[in-house]
Amino acid sequence: MRKLGLLSKAYLVIVFFILYAPIFYLIYYSFNSGGNMSGFESFTLDYYRDLTENTRLIIIVINTLIIALLSAVISTILGVFGALAIVEVKRNRMKSTLLALNNVLIVSPDVIIGASFLILFTIVGIQLGFTSVLLSHVAFCIPIVVIMVLPKLQEMSPSLVDAARDLGATKRDVLMKVIIPYISPGIFAGFFMALTYSLDDFAVTFFVTGNGFSTLAVEIYSMARMGISLEINALTTIIFIITVIVVLAVYIFTRDKRKKGGTVRS
Amino acid sequence: MKALFQTLVVVLILVVGLFFVNHRLNVSEGFSGSDTLTIYNWGDYLDPDLLAKFKEETGLTVVYETFDSNEAMLVKIEQGGTNYDIAVPSEYMINKMIEEDLLLPLDHNKLPNLKHIDPRFMDLVFDPGNQYSIPYFWGTVGIVYNSELLDENIVLEHWDDLWNPKLENEIFLVDSAREVLGFSLNSLHHSLNTTDKEKLIAAKEKLDLLTPNIKAIIGDEMKLLMVNNEAGIGVTWSGDAAEMMWDNEALDYVLPPEGSNIFFDNMVIPKTAKNVEAAHQFIDFMLRPENAAQNAEYIGYSTPNLSALELMDPEIVNDERFYPPDAVVERLEVYENLGKRNLAYYNELFLEFKMHRK
């Protein structure tokens, strides 16, 4: 890669500074004993202690994780099947229609999806709470998984499947031993995308929660409306640190994999 | 394939583990017991100590949830998937909920402490005979201002004083159509329930002239911003003003004499209630003078409970800004339910005003 000029470097620094400054501003004030964000008094960990004693918030964090993990797993399974089906469709017109229908769901605003789910659940008579949130998260994650898995399927050479068939593999064998291993990077990518989408979804969840069930995004919103508690800052800090750790872990994990893969192939 | 399978197993184990932890936490907090009372209230609108006291007294567990607008609350209750035992809507919304048959009638025999409520606040147009609702708090719409930030010569007493050209970029307005159009109507000496289009348009045009003075049109954030001296003036509800004044001594509140809105937030039992008995218990608990007094001192809005007033700090009770004398109260108007069409017109005018350029 070409070495960056001074100007480019400065530009990069400024961009990253603008992106990260608000987060660090929040983090900085999470240690403020003054109780608000207008002046720093002295260092304290009070808000972190408050957080650990706030059982309701812990329950909500756990709820959020459960919803994210479950909806990611379910939507990955359904999305992989969906992608397989789309690839199998032979008529081009049909295929692009299906893809377009899938993409419309990704593009359409969360507010509309949330409102329509609220109406749907009302008509069907599903109680608002865990089930309704899970169902809607699964629903908006499926198209994402499809989009992530589809390119892998399309780049797979059909001769691989033909060869397996010639060698006597059953349909099931072809799927389990040829296709799925080949597209598994796409499946992982889809899973993690679904996970993050579910974790930080606010708009859809906002419409379909109720009965004491809440996720972190919705809860932070209602906490922030009430004003000044620095518990929000403390929580943000913890989430930020966890995110950084996860990103680092994924980076190290994939880097090792790639090295290994490289040696095997060469 | 193996990696996929391993991940699946790990995720499922994690989920089961999390479910288990969650269940344990729920049980230890008593959230999942059968004897629960679910309260649906505005954010920061009840002293948490009172909830603890109620739990202790009755042995019931209380689930407390909050909403941020009457409309949001209506949607969740209309939807039917919820089981709130108590809700605290404002008067025009109560009227609407009665019309839509969303409330259960109250059994006054189970509410012996109802006798403490000021008769002025009983039997009002939106709920004749208090069949469905019991007053919780009331308040007014007025002007909160920061005497340190403003020029000494500026007098704030009437709604018209907001139009003072010296107040450029100094005013926060609350983001709510009826409040904002309401004070403009009041400044023109019209009723804030008018459906006369000409008067409404005149009010909107007068508001357009206010735009140079407006800094922002915002919601609950106003409390924080006013306390932090971000602007000199805010048009808001009395209770919010009281809260700001606790945190910043330079702030003061005026209720303009031309008239303003008086609103009531009442406790109701929605049709979806699962524990009607406990709901009555809770309403009566909140009507008890000592509890009402404690709550009023914590929240800052005005309590309709006469016996509670005697228990409260006389400095609060004699404060005419928050407990205005009868002569002033007479000039205050309750929002009437103007019907869908007129409300839509109010909203439309408000939106037009918000988009009006300086």
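**Getting to know a two-chain model**

Reader: How many helices and strands does chain A have?

Author: This is a predicted model, where local features need pLDDT of at least 70, side-chain atom pairs count only at pLDDT 80 or more, and totals for chains, interfaces and linings use all residues. Residues are numbered from 1 along each chain as its sequence is written, while chains are lettered from A and ligands numbered from 1 in the order in which they are written. Helices (H or I, at least four residues) and strands (E, at least two) are DSSP runs, numbered from the N terminus. On that basis, chain A has 11 helices and zero strands.

Reader: Which element of chain B gives the most to the side that touches chain A?

Author: Contact here means that C-beta atoms, placed from the backbone, lie within 7 Å. Chain B puts in 32 residues and chain A 30 residues. Elements of chain B giving two or more residues to its side are α1 (2-29), β2 (61-67), α3 (70-79) and α7 (221-227). The top giver, with 13 residues, is α1(B).

Reader: And which helix supplies the largest share of the largest nonpolar core?

Author: A nonpolar core is a set of buried Ala, Val, Leu, Ile, Met, Phe, Trp, Tyr and Cys residues joined through C-beta atoms within 7 Å; buried means 20 or more other C-beta atoms within 10 Å of a residue's own C-beta, placed from the backbone. The largest one has 51 residues, with B:I86 and B:A87 among those having the most contacts inside it. Six of its residues, the largest share, come from chain B's helix α9 (residues 276-287).

Definitions and conventions:
Contact = placed C-beta atoms within 7 Å. Buried ≥ 20, exposed ≤ 12 C-beta atoms within 10 Å, placed from the backbone.
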